[in-house]
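Welcome, and please load the model in your viewer. We will go from the whole chain down to a single side chain.

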Amino acid sequence: MTVSLPLVVVLGFFAGGAVRFLGVRVWIVVLIALFGFWLSRTFLAPAIESGTRSGVTVINGSHA
């Protein structure tokens with residue numbers, strides 16, 4: 001039986017496990033950056049961008 005996982009899912013599992021169990025090291029930062037790079041090329045990218053913009057608007061609005 002063959003199981004196919006997108007690279008983004010595999011990198012996500014590695015990034016989450018690395019932060020949780022190994023502490024922050026240089027290779028972990030690189031792994032998380034790669035996860036973000038691959039995630040930006042998925043169907044989730046517009047939702048992430050819109051959520052980020054909304055969060056920034058809320059934070060900037062509360063300091064005015």
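Here is a short tour, one selection at a time.

**The whole chain.** Keep in mind that this model is predicted. Colour by secondary structure and you will find three helices and zero strands, in the order α-α-α from the N terminus on. Now switch on the surface: its accessible area comes to about 5300 Å², and carbon and sulfur atoms account for 71% of that. How much of the chain is buried? Of the 64 residues, 11% are.

**Helix α2.** Next, select residues 26-39, which make up helix α2. If you pick its end C-alpha atoms, you will find them 20 Å apart. That agrees with expectation, because 14 residues at 1.5 Å a residue should span 20 Å.

**The buried side chains of α2.** Show Ile28, Leu31 and Leu39 as sticks; these residues of α2 are buried. Look down the helix axis and you will see that they cover an arc of only 75°, so they sit on the same side of α2.

**The nonpolar patch.** Now select Val26, Val30, Leu34, Phe37 and Trp38, and put the surface back on. Together they form a nonpolar patch on the surface, with an accessible area of about 470 Å².

**One residue to finish.** Zoom in on Leu34, a member of that patch that lies in helix α2. Is Leu34 buried, partly exposed or exposed? Its relative accessible area is 39%, so Leu34 counts as partly exposed, a class that runs between the 20% and 50% cut-offs.

Methods: Residues are numbered from 1 along each chain as its sequence is written. This is a predicted model: local features need pLDDT of at least 70, side-chain atom pairs count only at pLDDT 80 or more; totals for chains, interfaces and linings use all residues. Side-chain values use heavy atoms; hydrogens and water are left out. Helices (H or I, at least four residues) and strands (E, at least two) are DSSP runs, numbered from the N terminus. Buried means under 20% relative accessible area, exposed over 50%, partly exposed in between (1.4 Å probe, protein chains only). Accessible areas come from the Shrake-Rupley method with a 1.4 Å probe; for residues, only the protein chains shown count as cover. Patches are made of residues with over 30% relative accessible area and no salt bridge: like charges are joined within 9 Å, nonpolar side chains (Val, Leu, Ile, Met, Phe, Trp, Tyr) within 5 Å. A salt bridge is a side-chain nitrogen of Lys or Arg within 4 Å of a carboxyl oxygen of Asp or Glu. The expected span of a helix is 1.5 Å times one less than its number of residues. The arc is that of the directions from the helix axis to the C-beta atoms.
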